[in-house]
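This report covers a ligand site and the pockets of a protein model. The structure comes first, then the contacts and the pocket linings.

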Amino acid sequence: MSDNTYPKSITLPDGALVNIALMGTGDRDAVLAFANGLSEEDMLFLRVDITQPEVVDDWMSNLKAGRSISLAAFDDNGLIGYATVHRNAAPWTRRVGEIRVNVNQLYRARGLGKNLTSEIFAVARGLGLKKLMANMTSDQHGAQSAFRRLGFVPEALLADYVEDRKGTPRDLVIMSYDIDGHTDAIADTVRI
Ligand SMILES: CC(C)(COP(=O)(O)OP(=O)(O)OC[C@H]1O[C@@H](n2cnc3c(N)ncnc32)[C@H](O)[C@@H]1OP(=O)(O)O)[C@@H](O)C(=O)NCCC(=O)NCCS
């Protein structure tokens, strides 16, 4: 199991040292800087436009209210990735959490997404969540592959459900991870 105390330092397989901390409202500007450093392609698929200060402010109020918990990964230059577990206010979905993971392009495929996901799984388990969902478009092949490697399975495909930043309709893929079906043994496989 992940040691669920923050901040903590982790070492990626290539030796890079990364600090992981609970995100708080003081990280607002770091999130905006992270968002503005995303590639055009990544921006196209953003669920909400986190380059906009008011959108990040909404995120910060979700953190404050406990609807979201986010883990922030930093290197010496700033925020390089995050993982969020978000709970919907509706009581009948209280067993479900939505996972959102985003890693700076320079850190992709270096094990950071896997580490952040493993950490946020532990947080979600601590919240008593039973099922985790992740949303992405059917065009995000890399993200789908990565989430499959992390133990998620595709659960639904909703045709023309979302519009990208340019207004093009896209199919939404909903992937899920059943926490009860994947207890410590699986947590070990997502830990480096
Ligand atoms: C999805 C995402 C978070 C993965 O982060 P990452 O740091 O690159 O992932 P990791 O390096 O930890 O890789 C995790 C696993 O996925 C695999 N993987 C990563 N990127 C991949 C890609 N583009 N294609 C295929 N497999 C990939 C890795 O090989 C690894 O598998 P392993 O366990 O066999 O080693 C990252 O690509 C990202 O930020 N994408 C944009 C945001 C997004 O789409 N998020 C998903 C919706 S919430």
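Which atom of the ligand is 3.1 Å from an N or O atom in the side chain of Gln140? In this predicted model, that atom is an oxygen of the ligand. The table lists this contact with two contacts to the backbone.

| Ligand atom | Protein partner | Distance |
|---|---|---|
| oxygen | Gln140, N or O atom in the side chain | 3.1 Å |
| oxygen | Arg110, polar backbone atom | 3.1 Å |
| nitrogen | Val101, polar backbone atom | 2.9 Å |

On its own the ligand has 920 Å² of accessible area, and the protein covers 74% of this. The shell around the ligand has 21 residues, of which Val103, Ala109, Gly113, Lys114 and Arg149 come nearest. Strand S5 (96–103), helix H4 (112–126) and helix H5 (141–149) each give two or more residues to this shell; H5 gives the most, with six residues. Nine residues of the shell are nonpolar, seven polar and five charged.

The ligand sits in the largest pocket, which has a volume of about 1400 Å³. This pocket is lined by 49 residues, and Val101, Asn102, Gln140, Ala143 and Phe147 are the closest to its centre. Elements that supply at least two residues of the lining include helix H3 (53–65), strand S4 (78–86) and strand S7 (153–163). By class, the lining has 22 nonpolar, 15 polar and twelve charged residues.

The second largest pocket has a volume of about 210 Å³. Among the residues that line it are His86, Glu98, Met133 and Ile174. S5 and S6 give two or more residues each to this lining, and S5 gives the most, with three. The lining of the second largest pocket divides into three nonpolar, five polar and two charged residues.

Methods:
Residues numbered from 1 in each chain as written. Predicted model: local features only at pLDDT ≥ 70, side-chain atom pairs only at ≥ 80, totals over all residues. Heavy atoms only, no water. Near = heavy atom within 4 Å. Polar contact = N/O pair within 3.5 Å; in protein donor to acceptor, adjacent residues only side chain to side chain. Areas by Shrake-Rupley, 256 points an atom, 1.4 Å probe, with all protein chains shown as cover. 1 Å grid on protein atoms, 1.4 Å probe; cavity = no way out; pocket = protein on both sides within 12 Å on 5 of 7 lines; lining within 4 Å. Sits in = over half its atoms within 2 Å of the grid points. Helix = DSSP H or I, 4+ residues; strand = E, 2+ residues; numbered from the N terminus. Nonpolar A, V, L, I, M, F, W, Y, C, P; charged D, E, K, R; others polar. Points joined across faces, edges and corners; volume = space filled by probe spheres on them.
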